[in-house]
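User: I should like to go through the charged pairs, the chain contacts and the ligand site of this model. Please reason through each answer briefly.

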Amino acid sequence: MIELDDRTLAFQRQTRAWAQELKPLALELDRDPDAIHRHLDVAIVSYLTRMTVPPEYNPDPVVIDGHRFYGTGTLERVVLAEEAAVGDAGLLLASPGPVMSGVLVDAMGDEQQKKWFYSRIMEKPTWTFFALTEPDRGSDAGAMSTTLTPDGDHHFVLRGAKRYVGNAARADLGIVFARTRPGPLGVTAVLIETSAAGFTAEPLETIGLRGLRLTAVTLDDVRVPADQVLGRHLRATQRGMWSAVQGLNRLRPGVAAFGLGIARAAYEYVLDNRRTLNTADRHRLDRLALRLTELRQLIWRSAIAVDDNEPAAGYLASAAKARASRLAEEATLEALSCFGPGARLDHPLLDKLARDARGVEFMEGTGNIQKLNLFTGLVQGGLRRD
Amino acid sequence: MTGRTAAADEWIRYRRTARHDGLVAALSLLYETLCDGAPPHGPGGHVVAPAGFVGADTGDVMATMTVEDGAIVASRSRTAPPSVSRTPWAAWALGTTCLRFGLSERLLDAVLAHLGGRTVGDARLLHQQMVKGGVAEAVIEQLEIETMLAGAAPGDLDDGVLSALNAQITRTDRMLLRLLGAVSFLADGPGQVARVSELIADVYFGPAPAGEHGGAA
Ligand SMILES: Cc1cc2nc3c(=O)[nH]c(=O)nc-3n(C[C@H](O)[C@H](O)[C@H](O)COP(=O)(O)OP(=O)(O)OC[C@H]3O[C@@H](n4cnc5c(N)ncnc54)[C@H](O)[C@@H]3O)c2cc1C
């Protein structure tokens, strides 16, 4: 079993305390995703606003028990994601900050681009987004049809459509993946400002995770300065999709922890709200508690592997993510079944958890895609077995 | 049950209407043909009904949900005792189960149509082996449920059996929703119908435990 060190334990205690503030806001944000603007001073939200900004750009990190936290480590990010999702998954996703896009700027940005991006982030609470999925291509993102074409000496033009992009309607900045030429090496990522002419983001109404405000993005000849194209200093093989995959490998343990948080919230809801449990219910809950522990261990293992740059990291994270999305669905259904008929109406918070849980499957790759990735790791030897 | 079942009777109308015309059409048909007096309440005093139906929103309205073919109201009545409704419970329970099964079939149709029109590289997404396997898993569940419901008259299947079938329908729908992709997470598509279908089961039969079929697809 993995045990957390003192530094991470201190962080876990603090984030658990912070997360208490979220639960009372959960249903408000579910009804009105714009409510996030009223809650920017909530401690966890203001932490997320700067989470992942590296020390050279963040002079003022959070200090807990004498330790500084920038959110750049994967293990601390999964600890935070679990605790915050126990508080409210919707609010975690609704927060401003660079979490998803920052990982890519880190992987693909040159010094100038990092400086520009992080100084914008540090200026004020700034939402960002990451646009990969298209209406006709989700899992098969490599076959995307959005194009990036040169337009004069120092500009490009972005043309196409993206879908299911979180936070794009409230964002100032984002990263868009597009194609410069046919083939797998023809994919590139660009930093864009949403104020650019031709950029529109229409909110989509969703069943759950409504705080995230998924959107449909239209890119109607958006002009992009050449210095906003990411990865120009990298080898051709390391730009585009390769970097996206590397970035997603780093984010995946956090998505798994997010699913774990939803599952744990459902479990704790039953403990808090059902005074008496019969033996069968008790047994089911004990079994669920064990499954939460098992998954948490796997997530920590994958996070440590990411932080240690182990080749198996992405595969371990795929295993954790596939398990987490399923457990989120199962735990929320299990929790509802501990209450009688009409539980979905009488326990709106639990109903919300069950709705939120359905979205985890699709975030950062579906269960099938994670399983295919895991299989690749197994047969190609990336997933080392002792 | 003998080797052959009686020809489909009126119960199949709920299922077919749900499959071909949608949730509100089927629930309205159920109300029109089975409701006597007030709509029947679930054991917790809750009602799920098409909006605007007589007696549908007499209690506290707890939720209104829009689906493809109309709106649905969920309410709870603290005052009116369930006995005000003279709707026969056994018929109602079988009717709602057939209706939910028809909605599950409609969801399968949506999966086949949607994935049939998508591609992975040059191949159809629907023809990826894992997808085929996932669809087949859901179809195995549906064939079981269909066989259990075939020829059933009110009272043939007791409440325990109907509860279990409803739990199985929920789990099957979850498999299909995962297959559909993120489109199933949108509030104006098949995923919303599945949400209301789960609510109908929750109100009349109690929430479905995750159960042993949850691992597939
Ligand atoms: C809450 C939420 C947040 C999101 N946030 C973002 C975001 O910020 N940015 C962004 O770009 N996107 C985002 N997405 C989109 C997400 O990445 C896609 O939904 C996901 O990649 C799946 O694509 P799809 O929904 O089109 O499903 P499809 O790819 O159409 O898949 C449909 C079904 O086929 C299966 N499948 C697909 N390919 C294969 C295969 N080769 N073999 C076997 N089975 C396969 C899938 O598992 C699924 O069951 C988000 C989605 C959600 C729900």
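User: With which residue of chain A does Glu198(B) form a salt bridge?

Analyst: This is a predicted model. The closest N and O atoms of the pair are 2.6 Å apart, which is inside the 4 Å cut-off for a salt bridge. The pair crosses between chains, from helix α6 (residues 190–205) of chain B to helix α10 (residues 343–346) of chain A. The partner of Glu198(B) is Arg344(A).

User: Is Arg344(A) buried or exposed?

Analyst: A residue counts as buried under 20% relative accessible area. Glu198(B), at 5% relative accessibility, meets that limit. Arg344(A) has a relative accessible area of 8%, so Arg344(A) is buried.

User: Which residues of chain B belong to the salt-bridge network that includes Arg344(A)?

Analyst: The network arises from salt bridges that share partners. From chain A it takes in Asp30(A), Glu205(A), Arg210(A), Arg213(A), Glu329(A), Arg344(A), Asp351(A) and Arg355(A). From chain B the members are Arg174(B), Arg178(B) and Glu198(B).

User: How many salt bridges are found across the interface of chain A and chain B?

Analyst: Over all chains, the count of salt bridges comes to 38. One that joins the two chains is between the side chains of Asp346(A) and Arg76(B), at 2.6 Å from N to O. Across the interface of chain A and chain B, the number is four.

User: Which element of chain A gives the most residues to the side that touches chain B?

Analyst: On that side, β5 (155–166), α9 (313–337), α10, α11 and α12 of chain A each supply at least two residues. By class, the side has 14 nonpolar, eight polar and 19 charged residues. With seven residues, the element that gives the most is α9(A).

User: What area is buried between chain A and chain B?

Analyst: The contact involves 41 residues of chain A and 39 residues of chain B. Leu345(A), Arg358(A) and Phe362(A) supply 21% of the area that chain A buries against chain B, more than any other three residues. Carbon and sulfur atoms give 60% of the area buried between the chains, which is about 3,300 Å².

User: Within chain A, how many residues apart are Arg13(A) and Asp65(A)?

Analyst: The two residues form a salt bridge, with their closest N and O atoms 3.5 Å apart. Arg13(A) lies in helix α1 (residues 6–19), while Asp65(A) lies in the loop between β1 (62–64) and β2 (67–69), and the pair thus links parts of the chain separated by 52 residues.

User: Why does Asp65(A) count as exposed?

Analyst: Exposed means over 50% relative accessible area. Its partner Arg13(A) is exposed because its relative accessibility is 53%. Asp65(A) is exposed because its relative accessible area is 57%.

User: Is Glu364(A), the salt-bridge partner of Arg252(A), buried or exposed?

Analyst: Arg252(A) and Glu364(A) form a salt bridge, with the closest N and O atoms 2.8 Å apart. The pair links helix α7 (residues 240–273) to the loop between α11 (348–360) and α12 (367–380), 112 residues apart. Arg252(A) is buried, and Glu364(A) is likewise buried.

User: Which residue has a polar backbone atom 2.7 Å from an oxygen atom of the ligand?

Analyst: The ligand lies between chains A and B. A backbone N or O atom of Tyr164(A) is 3.2 Å from a nitrogen atom of the ligand, and one of Leu179(B) is 3.5 Å from an oxygen atom of the ligand. At 2.7 Å from a ligand oxygen, the polar backbone atom belongs to Ala182(B).

Terms used:
Residues are numbered from 1 along each chain as its sequence is written. Chains are lettered from A and ligands numbered from 1 in the order in which they are written. This is a predicted model: local features need pLDDT of at least 70, side-chain atom pairs count only at pLDDT 80 or more; totals for chains, interfaces and linings use all residues. Side-chain values use heavy atoms; hydrogens and water are left out. Helices (H or I, at least four residues) and strands (E, at least two) are DSSP runs, numbered from the N terminus. Buried means under 20% relative accessible area, exposed over 50%, partly exposed in between (1.4 Å probe, protein chains only). Contact means heavy atoms within 4.5 Å. Buried area is the accessible area (1.4 Å probe) that two parts lose on being put together, summed over both. Ala, Val, Leu, Ile, Met, Phe, Trp, Tyr, Cys and Pro count as nonpolar, Asp, Glu, Lys and Arg as charged, and the others, Gly among them, as polar. A residue is near a molecule or strand if one of its heavy atoms lies within 4 Å of it. A polar contact is a pair of N or O atoms within 3.5 Å; within protein, one must be able to donate a hydrogen and the other to accept it, and residues adjacent in sequence count only if both atoms are side-chain atoms.
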